[in-house]
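Here is a small set of exercises to work through with the structure open beside you. Try each task before reading its solution.

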Amino acid sequence: MSQKSVCVYCGSRNGANSAYSNAAQQFGTLLAEEGWRLVYGAGDVGLMGEVARAAQSAGGDTFGVIPVHLLQREVGKTDLTRFVVTETMHERKKVMIMNADAVIVLPGGPGSLDELFEALTWRQLGLHDKPILIMNVDGYWDTLHELLQQVIGQGFADASLSDFITWVDGPDAAMSALRKVLN
């Protein structure tokens with residue numbers, strides 16, 4: 001049985017609530033303990049750095065992908081198991097999702113939303129069938145959930161869009177949901 005890989009999209013900042021960093025650290029640890037590989041944006045800042053350092057500390061396999069123009073800004077974490085530098089953001093996103101069995105979104109900003117919506121759109125178009133989870137730590141993504149319901153309610157997406165996303169409240173719930181879809 002091959003090793004499972006989980007693509008984590010999350011902030012390059014820690015955010016205003018310490019619960020976000022705690023969730024990132026716990027999730028990185030749980031991924032490693034499960035024997036699953038972390039696939040992420042290769043930064044050593046914000047929640048990206050938190051999840052990667054936690055996975056590494058727990059002995060986990062880490063696969064980071066960063067575009068050349070973000071090497072300094074996101075402090076490219078070169079001590080990963082595998083470190084890939086791409087030319088563009090688009091190439092980064094493609095390499096990340098193609099090297100993962102599932103996607104999870106932790107709290108983050110515009111970049112995390114961009115990554116989520118690309119993965120969601122690709123799923124909607126049938127370009128992949130990977131599970132997409134959103135970790136709604138302390139209700140961070142509540143308004144996103146409402147927005148997606150509005151998009152469906154106003155006829156801009158089919159109700160099946162909701163079926164492509166699994167909402168979880170924290171790291172333990174995320175791991176439970178991932179075990180169901182990956183094992």
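**Exercise 1. Which way do strand 1 and strand 5 run, and how many bridges join them?**

Before solving it, note that this is a predicted model, in which local features need pLDDT of at least 70, side-chain atom pairs count only at pLDDT 80 or more, and totals for chains, interfaces and linings use all residues. Residues are numbered from 1 along each chain as its sequence is written, and side-chain values use heavy atoms, with hydrogens and water left out.

Step 1. Locate the elements: helices (H or I, at least four residues) and strands (E, at least two) are DSSP runs, numbered from the N terminus.
Step 2. Strand 1 and strand 5 run parallel and are joined by four bridges; two strands pair if DSSP finds at least two bridges between them.
Step 3. For one bridge, take Tyr 9, whose partner in strand 5 is Val 105.
Step 4. Turn to strand 2, which pairs with strand 1 in the parallel sense over three bridges. Here Cys 7 stands opposite Val 39.
Step 5. Between these two strands the chain passes through helix 1, giving a right-handed β-α-β crossover (with the strands pointing away from the viewer, the path from the first strand over the helix to the second runs clockwise).

**Exercise 2. Find the strand order of the sheet and explain why strand 4 and strand 7 each have one side without a neighbour.**

Step 1. The sheet is open, has seven strands with parallel pairing, and follows the order 4-3-2-1-5-6-7.
Step 2. Strand 4 (82–86) and strand 7 (165–168) are at the edges with a single partner strand each, so one side of each has no neighbour in the sheet.
Step 3. From one strand to the next, the twist averages 20 degrees (axes are lines fitted to C-alpha atoms, for helices over the stretch in contact, and angles run from 0 to 180 degrees between N-to-C directions).
Step 4. At one edge, strand 4 pairs with strand 3 (residues 62–67) over five bridges, in the parallel sense. Phe 63 faces Arg 82 there.

**Exercise 3. Are the two faces of strand 1 covered or uncovered?**

Step 1. Recall a general rule: in a regular strand, side chains alternate between the two faces of the sheet.
Step 2. On one side Ser 5, Cys 7 and Tyr 9 are buried, and on the other Val 6 and Val 8 are buried, so both faces are covered (buried means under 20% relative accessible area, exposed over 50%, partly exposed in between, with a 1.4 Å probe and protein chains only).
Step 3. Helix 1 (residues 18–34) lies across strand 1, and also across strands 2, 5 and 6, at about 170 degrees to strand 1.

**Exercise 4. Which rings are linked into a cluster by ring pairs?**

Step 1. Rings of Phe, Tyr and Trp (its six-membered ring) pair if their centres lie within 6.5 Å; planes under 30 degrees apart count as stacked, over 60 as edge-to-face and the rest as tilted.
Step 2. The structure holds two such pairs. Tyr 20 and Tyr 140 are edge-to-face, at 5.3 Å centre to centre with 70 degrees between the planes.
Step 3. Tyr 20 is in helix 1 and Tyr 140 in the loop between strand 6 and helix 5 (142–153), so this pair ties together parts 120 residues apart in sequence.
Step 4. Tyr 140 and Trp 141 have ring centres 4.7 Å apart and planes at 80 degrees, so they are edge-to-face.
Step 5. The cluster is therefore Tyr 20, Tyr 140 and Trp 141.
Step 6. Tyr 20 is buried at 11% relative accessibility, Trp 141 is buried at 4%, and Tyr 140 is partly exposed at 32%.

Note on methods: Contact = heavy atoms within 4.5 Å.
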